[in-house]
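Me: I should like a close look at a single part of this protein. Please treat one helix in detail, together with whatever surrounds it.

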Amino acid sequence: MKIETIKVRTYAYKAARAFIKEQGATRLLGSGCYGKVYSASGMDRVFKIGEVEENAGYLALVRQVIKDKTNNPLLPKIYSVKIFASDGCKYFVVEMERLSSIQNSSQPLGQRMQLQRKRQS
């Protein structure tokens, strides 16, 4: 998978949000200092949006997850990454596996995550 950069004439954040809405993800699931996560009921994927400059560490992690071809159960599945760029401003949208809380903490983390994924499929 390749990270796609899309040059836009409008404000980059506005273009990134429009893309997320086009995918049907209109419900805000959560937000933090550097980004927001959107999805829709019944959707098994989420869309994380953030400013590229403020999220260099997160984007480095995303690049490593993309490079990891082992299907590591400790890493979320990344389906696409798009960077929306306008004059001096860049926002990313990462389409990734929807994560959920894991029950039964007596099992090793990798085993719990595999069980959680099997339940969701």
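The reply below concerns helix α1 and its surroundings.

Reply: The model is a predicted one, and the account begins with the chain as a whole. The protein chain contains three helices and six strands, arranged along the sequence as β-α-β-β-β-α-β-β-α. Of its 121 residues, 37% count as buried. Among contacts between residues at least 6 apart in sequence, 51% join residues at least 24 apart. The chain exposes about 7,800 Å², and carbon and sulfur atoms supply 50% of that area.

Helix α1 spans residues 12–22. Within α1, the buried residues are A12, A15, A16, R17, F19 and I20. The cover over these buried residues includes strands β3 (35–39), β4, β5 (78–86) and β6. After the helix comes G24, which has a positive phi, near 90°.

The helix also takes part in the largest nonpolar core, a set of 14 residues in which I20, I49, F84 and V93 touch the most other members. Two or more residues of this core come from each of α1, β4 (45–51) and β6 (89–97). The largest share is that of α1, with five residues. For I20 in particular, the contacts outside the neighbours up to four places away in sequence are A25, Y38, F47, I49 and V93. A second core, separate from this one, has 13 residues, among them V62, V65, F92 and M96.

One of the residues touched by I20, Y38, belongs to a strand pairing that deserves a brief description. Y38 lies in β3, where L28 stands opposite. Strand β2 (residues 27–31) runs antiparallel to β3 and is joined to it by four bridges. The two strands form a hairpin, with three residues between them.

Aromatic rings provide further links between α1 and the strands. The whole structure holds five aromatic pairs. In one of them, Y13 and Y91 meet edge-to-face, with 5.2 Å from centre to centre and 70° between the planes. This pair connects distant parts of the chain, since Y13 is in helix α1 and Y91 in strand β6, 78 residues apart. Y13 has 25% relative accessibility and therefore counts as partly exposed, whereas Y91, at 12%, counts as buried. Another edge-to-face pair is formed by F19 and F47, at 6.4 Å centre to centre and with 80° between the planes. Here too the partners are in distant parts of the chain: F19 is in helix α1 and F47 in strand β4, 28 residues apart. F19 counts as buried because its relative accessibility is 13%, and F47 is likewise buried, at 2%. F47 is also among the contacts of I20. Ring pairs further join Y11, Y13 and Y91 into a cluster.

Finally, a residue beyond β4 may be considered. N55 lies in the loop between β4 and α2 (56–67). N55 is buried, with a relative accessible area of 6%. A polar atom of its side chain lies 2.7 Å from the backbone oxygen of E51. Apart from neighbours within four places in sequence, N55 is in contact with Y34, G50 and F92. Of these, F92 is one of the residues of the second core.

Technical notes. Residues are numbered from 1 along each chain as its sequence is written. Side-chain values use heavy atoms; hydrogens and water are left out. Buried means under 20% relative accessible area, exposed over 50%, partly exposed in between (1.4 Å probe, protein chains only). Contact means heavy atoms within 4.5 Å. Accessible areas come from the Shrake-Rupley method with a 1.4 Å probe; for residues, only the protein chains shown count as cover. A nonpolar core is a set of buried Ala, Val, Leu, Ile, Met, Phe, Trp, Tyr and Cys residues joined through side-chain atoms within 4.5 Å. A polar contact is a pair of N or O atoms within 3.5 Å; within protein, one must be able to donate a hydrogen and the other to accept it, and residues adjacent in sequence count only if both atoms are side-chain atoms. Two strands pair if DSSP finds at least two bridges between them. Rings of Phe, Tyr and Trp (its six-membered ring) pair if their centres lie within 6.5 Å; planes under 30 degrees apart count as stacked, over 60 as edge-to-face and the rest as tilted.
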